[in-house]
Structure formats: structure tokens, C-alpha cells
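Work through the exercises below with the sequence and the coordinates open. Try each task before reading its solution.

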Amino acid sequence: AAGMFLRLLADVQWRAANPKWRRMTSSRRSTSTTAEPHPLPLPAQAQVVICGGGIIGTSVAYHLSKMGWKDIVLIEQGRLAAGTTRFCAGIVSTARPVSIELKMAHYSNQLYQQLEQETGVQTGYTKTGSISLAQTQDRLISLKRIAASLNVMGIPCEIITPKQAVQLHPLINIHDLVGAMYVPEDALVSAANVSLALATAASRNGVQIHERTSVSHVTVQKGHVTGVETDRGRIQCQYFVNCAGQWAYELGHSGEEPVHIPLHACEHFYLLTHPLKEPLTSSLPTVFDPDGRIYIRNWQGGILSGGFEKNPKPLFTEGRNQLEIQNLQEDWDHFGPLLSSLLRRMPGLEALQIMQLVNCPESFTPDMRCIMGESPTARGYFVLAGMNSAGISYGGGAGKYLAEWMVNGYPSENVWPLDLKRFGTLQSSRTFLRHRVMEVMPLMYDLKVPRWDFQTGRQLRTSPLYDRLDAQGARWMEKHGFERVKYFVPPGSDLLDLDHSKTFYKPDWFDIVGAEVKCCKEAVCVIDMSSFTKFEISSTGDEALESLQYLFSNDLDVPVGHVVHTGMLNEKGGYENDCSIARLSKRSFFMISPTDQQVHCWAWLKNRLPDDSNVTMEDVTWKYTALNLIGPRAVDVLSELSYAPMTAEHFPSLFCKEMSVGYANGIRVMSITHTGEPGFVLYIPIEYALHVYNEVMNMGQKYGIRNAGYYALRSLRIEKFFAFWGQDLDAFTTPMECGREFQVKLEKGMDFVGQEALLEQKQNGVYKRFTMFILEDHDTDMDVWPWWGEPIFRNGRYVGKTTSSAYSYTLERHVCLGFVHNFDEKTGEEQVVTTDFINQGEYEIDIAGQRFQAKAKLYPFSSLFTQRRRKDEVELSGYQRE
Amino acid sequence: FYLTPPQVNSILKANEYSFKVPEFDGKNVSSVLGFDSNQLPANAPIEDRRSAATCLQTRGMLLGVFDGHAGCACAQAVSERLFYYIAVSLLPHETLLEIENAVESGRALLPILQWHKHPNDYFSKEASKLYFNSLRTYWQELIDLNSGETTDVREALINAFKRLDNDISLEAQVGDPNSFLNYLVLRVAFSGATACVAHVDGVDLHIANTGDSRAMLGVQEEDGSWSAVTLSYDHNAQNENEVERVKMEHPKSEEKSLVKQDRLLGLLMPFRAFGDVKFKWSIELQKRVIESGPDQLNDNEYTKFIPPNYHTPPYLTAEPEVIHHKLRPQDKFLVLATDGLWETMHRQDVARIVGEYLTGVHHQQPIAVGGYKVTLGQMHGLLTERRARISSVFEDQNAATHLIRHAVGNNEFGTVDHERLSKMLSLPEELARMYRDDITIIVVQFNSHVIGACQNGE
């Protein structure tokens, strides 16, 4: 089938490209081709071994060699560009909802455009543009959101009417369309030839390419890659890059120390036709009809059309299977719904003659984003795979970022959304992956509204209180496999309705969350926050303190029982993690960080704690259930349960103490709530969880206690201008940029990671500033709600994007958090952002193409809240007197 | 006015019946997994009958469809009685003696058959005594004739068919003092019925056929596709051998008048049948019986009418043709159906539809474009049709119902068309017969594991 396809899709280009490639490689490197039965032996050692000769592997080789690394061997089990790359539909599309993906696609497009000139290999690059169609108003909103972020990046893009769409592509049937998005610079390429061009350039730069060579496994010693075993011998190396596409999971598991690369293959179909009577021009735009689940591009005068069906066919669940490979046949019945959709979109194609239905497996990941980065357990083991069928769009950019990562220690952009370390072993079960990718593949074209969540692979990690909370109406969302409560549906509410609150507008849980927020403000609420990552770090001597003082920016040499908010910064002062650390004793610390930090933070600390020290670190995430008691009455509940005074005099804020609650002893109580509201978090050994929860709920009754969920928490923390790592903060944000200088102790008597960068920022100022925006003329009931990623305009000019948003029930306004930059009007260069710069601007936030006035603030409304609370307390006490 | 899909379903499912052979120790040791049967009337009342029973004193299962004509009396009688005649014919001498002794001494009788009946499949209570006496006479004769040889199934089937037809004829000639019974036996004898009966015992499948109902074996080929093997010969004018046989049995002078307009003596479609004494008795006998019979019989123009060119009776026989087939693992099912099915559907389609139904359509042949010139529109039509086929499968829990749905509702593409189905089912009684015949279907599903094991054991 592959051979057949080669003839079909890349006929002309291949013949043009291949001799060139062969001549060059055989003269210089003599790699194995069919013409040469005796391939050159593999080198005994190399700095880097890349496994996989598809678009991704060749892109990594290309960029590494461009950045000056020369000692690179690329190994391909078959022929270059003969796997998924060969079958790729060749559409380079930049309209991506995730910012980093958008940047990768944009870079890829620019790279491919000049690749032919650079390498002499014909890539078939044609700028056709693309039209994304909207059959519904909601789809149009999502297109408008993408258009807004493309425009501020300087990528031409416009929202057009159906009539304009049909002018761009006369075959489109527009009777069911409400609008469309036109991206004029999207392109088509021959993916295989792009890959060959990249290989050609890499080869010129000294990369050795060996085809028909299989990697059997990677050897790791003392947590570091040492070499690669192949069917043609061993290569010693410092770096290994797994670009094995759909085989990356298996390859990751082939070594003694498994590297978990959670991806799973699904069959993917597209159709090729003979040319139309009047052949389509090669510049005709590509059409995406996500509501119809299909894409359509011109192909040699005819069309190429595929899609993402509702009922995908996962394969290779049990690993590479010869039978399954042979069974990769055209499945017309499976393709039927997509064909219906195609003919509905372009009825004029009825008489067009079919050439072939291509079945090409693609690999998908648990969260629809690709997998990039270094293994948390094997240093020097890098991965770039799981392209979710966008390998050609991302290939160039992804290869660049990975090369930067390897050469510079970190890429030039925040790639956390793609980082391998966002996953752990828990996403590595084949059953989980099989089920999840069956959801992910249709999701590619499903409408994604705010707060959408995955439905498969759920209830994996749960709190011991899960059933109790569920029985009380909890609605759940998932983070890193952990079930967390969104909100509680009060008894008697229409449950079905609430499960369908999928909208860009005001959701139907609005009042429910409002009531929870009110209770947090006026009485007390319990939120189960057990998902937080929890580490204990201790040592026999002072090593723990010394190491942590070096690794964290705030001063941890505090009295026992104090809690410190601190960043775990990188050399550039950026947040690798944002955590709360309690000093349990002179020599032991309890560290709380975001849920999805479990793998990343562990690896970061492991790699930086001195090897031979007696510092021990333990992941105790699973040992504790965390209950967050938020609200002015939390203090009353807790003191009644513990017979201990909990008032501020006895238990000041940012304090930690082991105490008894009810019958249970050894509960770590911390006076923090992650919201800015008064209250405590109780870290409860799991066997006591139910007991403590019951005691708290019983005792809390007279104080008006109720359950609450993360939506309430979110509203509270955003109106209090609290930044969350992973949402607002990332490795490219420093404490100085988000108003957290007070959490940095620049003069703590010893050096710490990122200190220099912070000192420099302190002196020279920051180039972006975390800012809070209150939407002024936004109608909560009628207007599209902000989400995140909305462009911010200052005096009409783009200055940055929002990172999170929530409705503030106190302010009765929407609050958006985001970063403000100061781009030079002429050069676009970033300039220092001062307080004045922030304060002296008129701001607007662009939500799906509509701009709303916003008031910028650098500090939360502390006065307003205190006033309010006092007033409420009066009301509450008045109520109790009656 | 159209019937809604639920209304259509309630009509189609009114007579459906399914039987699963019970398992022993978690294993089904029978070569039959079970059967589905159903009937759709066109006549009012329906003239088709069906029967299914397990032989209790010998091994094996009996299934049959009976297509009545000139009323349903004969088909009804045959459906009640034939399996007893067959079962008795198969019984060994000792068992026959035992039964006779039990009857003689008034002891409880060994059960001979276990019936698998739909509630609408009634047995005549009034005639049971009469029928029993005739049957007893038959086994008494068998006891007297004791040949000592083991019973051959083929022989038994032929004997049973002939003997029952003979008894029907005799009972009508003798009459009965009870006027109701007297009229009944006459109606049975003067109406007619074809019969297509299967006897399955292990890998031995016997089909005994009299008339134009048909038995068809569904065979799954190695590539998963379905093919049909017919296991009976139609006894009608389309069957040259049958025409030849009739001509051989009568003088040359009658050659031209024997078969006219594809009918026996220009009147009867099936060339073999039970009852139909008008084609079996001499003119004198017919006249005598009718004259002495009840008034209702005398008033009936049809019974009084003597076929033209009626010179050398009998012209009709109930003797079946028996075909023996050794079941193979690829033989997945057997369809017994009256001509109402076969005149609307080709056997190949029947094999495919039932086969796909029973295997859950997973074996629907994949479509490959290959070198063919196919347009997107054509492919789309083809796929839509295949999807419709699958969806109609899921509606039915009974293979026979599914087949009827296709037989009545199929459009030119071989797809069930609800509109057509609705029209056909809402025809008024008097019109229904013009567009379709009674349809009766039994689909027997075989147990390939047992059959494979039997084969290997041999």
C-alpha cells in the first residue's frame, strides 16, 4: 500500500527529489539505499542519535545541525519519510487554538516556504490559504477567537461571510453556513518531500542518516542515556531523541528504565479522487468543515478529503502487530459519514471519480497536544512525538523548539503545554490510552467551549471522600487524572440541564457557584483539594535547608511552623513551579505545589539535589487528603473541633501546626486558603479523611457550612488577583513581572537559582507586567464570556493576552488576568513596562472579535473587600440575634 | 396514510417465535442452536401453517412449513398430525410396543414430541380423539409389520407423508357421527396443503418436501460471504422432472390436458399436496361423499366442481421427495419457507440477509474500489444503502422477521424502504392477496462447533 501511495501522492516530486538526495548522500555518507546492498557501518559513537526519519526526526536533525551540533546520527527503520509522513495530507494550517501550537505552525509555514530554495529539493510548497467553515454561531465564535489571536501575531486572517467563502472556493455549498474564517497564508506541501529536504539540509550539515536500521532499545546508566542498541550494532551517545511517531510508546518501553510516552495510534482515512473535468487549480484554498468533521484540499486537479470521525478505530493497542498492519485497508463503510459530509459540502463532486481511500494511522495523545521534552527519569532522553495528525503543521516548529531545548537547556518559548512531564506513569496504561484517543480523535473537530473536559479515562485518582461528595451533588472535572469538584448541584435542581452547560455565554451553574462564593465570604465552605502535589523533603543535617534555599527564591530559613510562598525558579528567574513550603521541623519541609507538577517538580528537584547528600525527598501526594476550609467562620469550626484557639493571635496566617481535629490526631493545619480569604487547609492522613470531613460538616452546620468546588475557588482567587502556575505563571514569568517581589528574598545570604536574572530585572525593570482587568461594559447575561488567551489592547494597540478570567460575584463584573507588554511602535521590540505605563492606558479586551473596555489594576481591591466583609458580618450577626 | 415504524413492527412481530435449544451443563450438544419462525398473512385467515418439535423417543428435531390452499383446514391438520406420523415411523419396535401397551392398559403415554409453538399455533381439540385413533391404527400396523430392521429416516418420512394423506382421505370417506367432525374431515380432505419438513439429527439433515415450499441451506464461504444451497425440489410446472413424472403416470392421450397454464389440470399450482381429494378420488367417490355430506359441502361450488379432463385419477400425491445432506461446519443455517417468500426474493439474497443478520453483519463484504470506475455519488449511495441494511438488522430480534421485512419492504436496491413496507402492510384484506402471498419462514441455526466435532469424530 505504501508503494502504491508513493506513486500516487508524491509521484512527480519524489522522482525529482530522490536522485538528488541519493546522489548527495551516497557521495558523502553513503547511506543505505536500495541501490547499495552494503550500507556503511554505523559509527561507534555520536553525540546525538535520533530515531525516526519522518518529518519530526528530520526536522530535529535539521535544527540541531543548524544550531551547530554536528555529531548526529539519524536512524530510520525503513526508508526516510515512509511512515505516517508519507501518507500525510500535506496541509500546513496555522489556525490553532493553543498559542504555542500556533507559533509552531506559523514557524513551520515560514520554514517550508523557503526550504526549496535552501535545499534544492522540490517541496511542492503552494500557498493556497484555507477557509474554516462555521455551521453554527458557536463555531463562528470559536473561529473569531482564533482569528483574534492570529491577527495579533501578525498572521493575516479574516472572518468572512458565506458569500465571500464561495467566491474563494466555488465548489462550496453555503446554504447551511453562518460564516467562515479565511487564512490566506496557509499552504500545501508534499510532506514526504519536505522531510527529504530537511534530511538533505541536515546531511549537508554533517548529520549521518542510516535507513533500514532499527533501534532495539536505549541504554541508560545512572539516570543518563549512554547508548543505543540497533539491529546493526551499538552506538554510544549522550543524547537520544525518540521521534518514532506511533511507535514511540513501544520504543520508550523497550529499555530497562521505561520512558512513558503516552500516545496511541488510530486509523485515519482520506480520499483521493481523479481530476475534475475542469481540473482544480493548485492554488484553490483548503477547506476545513469542522462541523462536518472533514477537510478538503485540491490534489492534482482532483481533491483530497479526510476527516475525524465520531467512532475512530484505534489500533496497535498491544503493540506492533503484523496482522493489524496488513489489515490497514480501505474501510468505506467507516468513511461513509465523512463522504456524506463531503457531498453535502460540495454537491458538485457527485460525479467525480474515486481514485483511492487511503488508510494512514496517526498517533494521538491524551490531551490532543504533542509530546516534547526530556524524560523525567533518563537525562538525555528526548522525545518528540504524538502529533495528533498535525505532524506537518507542527513539524518545523516542534523540531526547532526541541533542538533549542537540547542545545540551550530550554526552548525560546514556553512549551509546558507540550512538555512530556505534564504526564506521568498514570497516563501510560494502554487501556486508558485506547479509550482516551477514541475520545480525542473526534474532539479534533468538536467544538470546544470554555471548561470542556475529557469524559474518558476518568475516576482514576480520587479522594477518599469522592463518594460522599458525589452523593451530595458534586460535578467533577479532571486534572492529571484526579477528580476534582467543579461545584455542587443543590438538591432539586435539574441535573440533566446542568450537565449540558456547554456555552460561550453565561453558563447555567452561574447562580450555584455564586451561592458557594457567597458562603465562602460570609460563613465557611469546604473544598476537597487533595489533588495538590505534596512532597516531604528532609535531611539528617542542614542539607535540606541549604538545598532548598538554593533552589527556591524565598527565604526558607524561617521559624518552624511557618509557611512560605515561593517560586521554584530557573536560571532566567522564571517560574518552574510555584509552591507553598511549610517548615515542619529544623530539618524537614512539606511542599505543596499544583496538581500537574507531580512529575516535573520531582524531576527538577531530583536533578538538582546533590547526588551524594543525605537529603531525602518523598512524594506524599497520595498520603494526605486536603480539605480547604474557606471563610470567616472556618476559625470557629476548627477551634470547636480541636479545643484549640485558632484566632489570628494564636494561629497567625501562613502558619502550620500538627494538631488533632475530632478524634483524629496528626492533622497538618495550615492557615492558607489559596484564595486570599481567611481559613485553613487541613492535610489529613487519608485514613482519617472521612472522619475529619464528617466532624467538620457536623460542627460546621451551625456556622452555615457547605461544600464548594473549584469554580468558586477560581472566582475567589482571580478577583483577589492570585496567579496560578500553569495558567498565569510559566517558566518565562518571573516574580518581578507578577508583583511578587515580596516572595523573593534577594539578600538571603546565599545564592539561589534565578537570583542574577531577578537582580537585573530589579535594576532595569520588567518587560511585561501581570495585570488585572475589570471589564466595564461587558453584559454578563448577554455577551460572550472571556476565557483565556484574549488579546489585550492598550490605547488601541495590542499589548498582550489574558491568561485567566472569572466572574467576580463581589464586584459583579468579569475579571481577566493577563500580561501587558510594551512593544515599540516602530520596531515591535519589547520595552520596559512601568507602573505608569500600566496605569496611564485605556484598555480593551477582545472577546471573539468584540472589544470590551477594561480597567487595569496592579493590586487587588483590598479596601472594597474589607468594607464588604464588615458589612456582611453585621448582617450575619443581626440575623443570628433574631 | 402511513403506518409508523412501531406500527409496522407490531404487525411484523405479531407471529414471531424463537426457540433456543437448552444447554446441558453449560454445553449445547445439539447440532441445532435454535430457530426463529414467523408468519405474515396475506389471506384472511392465513392459510399457511408451521410446526416445530423435538422428538423425545428418538433423537432429532422436526421443523416444517405448510402452505394451504382452498382453505386452511388441510394445512392445519397436517401441521398438527404429520410430525406424529414421522415420529412414530422412526420409533423402534420396542418403543411402539411399549406405547401400545400403555394405551391398552390406560397407563400414561410416553411423550413422543415436545412441541415448540407460538400461542397462535392452535391444535384442534375436537379432532384429537379421531386423529389419535388413526395414528394408533398406524402404529399398530407398524408393530404387526415388524421388519426388525432399523428405521431409515428417508423411508420413515416417505411412509409418514403417504400414510397421513391416506388417513385424511379415509377419514373423509368414512365420515364421523359428530356433524362438526364430519364437516371438519371433509374440509380437510377437500382442501390441500404442501409440506416442507426438515429432520435434523446430528449432522444428518433430511428434507422431505411435497409441493412448492422450499428448504435452503445458508453456507458461509471461506471469505465470509454467503451462498445458498437449495435442499428441495419444487413440485410445480417449472420443474421439468415433475412434469415428466406426472405425464408418465397417465396415458399419452391426456398429455396435453395434464398441465395447462403451468397448473395441474389447469387448476392446481403445486404438483404434489396433501388433501385435495378432488385430484385423487374417482369422480364416483367424490360425488358419493359430497352427496352424503353435510349441506355446507353441497352448497360449495368449488367442492362440487369436477376438474376437466379428469380421466385417470389419482393425479396428485402427497409422497415427498427426500434429500439427505451431511451438515458441515460452514452450513450455518437452514431456511424453510413457503412460496410467499421465494417468489419475492432470490435465494442468494435470502442467504446473505440471514447470514449477515445472524453474524451481526460483521461480515458485510468490505467495499474495495480497486480498478473500478466509481464516482463519489455512486459510492455514497452504496454506503447509505449498506448502512440502512445494518440498521434494519438491529430492529429485529428474529431472523424470520428480518427476512419478512426484506421480502415485503425491499426496494430496487435491495434495501428496506419504510414507505413501501408501510404501504404493503396497510393494504386492505381483499387487496393484500393480489400483492403478496402468505409468508411463513423458519430459520434454523446450526451449531458449527458440534457439527465440526461430529465430523472430526467420525
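**Exercise 1. Backbone outliers**

Task: Locate A:M368 between its flanking strands, and state its phi.

Solution. Start with the place: A:M368 lies in the loop between β20 (362–364) and β21 (371–374) of chain A. Helices (H or I, at least four residues) and strands (E, at least two) are DSSP runs, numbered from the N terminus. Next, read the torsion: phi of A:M368 is near 70°, a positive value in a residue other than glycine. Most residues other than glycine have a negative phi, and most peptide bonds are trans.

Before going on, note the conventions. This is a predicted model, in which local features need pLDDT of at least 70, side-chain atom pairs count only at pLDDT 80 or more, and totals for chains, interfaces and linings use all residues. Residues are numbered from 1 along each chain as its sequence is written, chains are lettered from A and ligands numbered from 1 in the order in which they are written, and side-chain values use heavy atoms, with hydrogens and water left out.

Task: Find where B:P45 and B:P314 sit, and give omega for the cis bonds that lead to B:P45 and B:P314.

Solution. B:A44 and B:P45 are joined by a cis peptide bond with omega about -5°. B:P45 belongs to the loop between β2 (32–40) and β3 (48–55) of chain B. From B:P313 to B:P314 the peptide bond is also cis, with omega near 0°. B:P314 falls in the loop between α11 (301–304) and β13 (321–326) of chain B.

**Exercise 2. The interface**

Task: Describe the contact between chain A and chain B by residues and by area.

Solution. Count residues: chain A gives 17 and chain B gives 16 to the contact (heavy atoms within 4.5 Å). Then take the area: about 1,400 Å² is buried between chain A and chain B, with 61% from carbon and sulfur atoms. Buried area is the accessible area (1.4 Å probe) that two parts lose on being put together, summed over both. A:W332, A:D333 and A:I354 supply 37% of what chain A buries against chain B, more than any other three residues.

Task: Which element gives the most to the side of chain A that touches chain B?

Solution. β14 (269–273) and α11 (332–345) of chain A each supply at least two residues. α11(A) gives the most, with eight residues.

**Exercise 3. A helix pair**

Task: Give the angle and axis distance for α19 and α20 of chain A.

Solution. Helix α19 (residues 634–642) and helix α20 (residues 689–700) of chain A pack at about 115°, with axes 9 Å apart. Axes are lines fitted to C-alpha atoms over the stretch in contact, and angles run from 0 to 180 degrees between N-to-C directions.

Methods:
Contact = heavy atoms within 4.5 Å.
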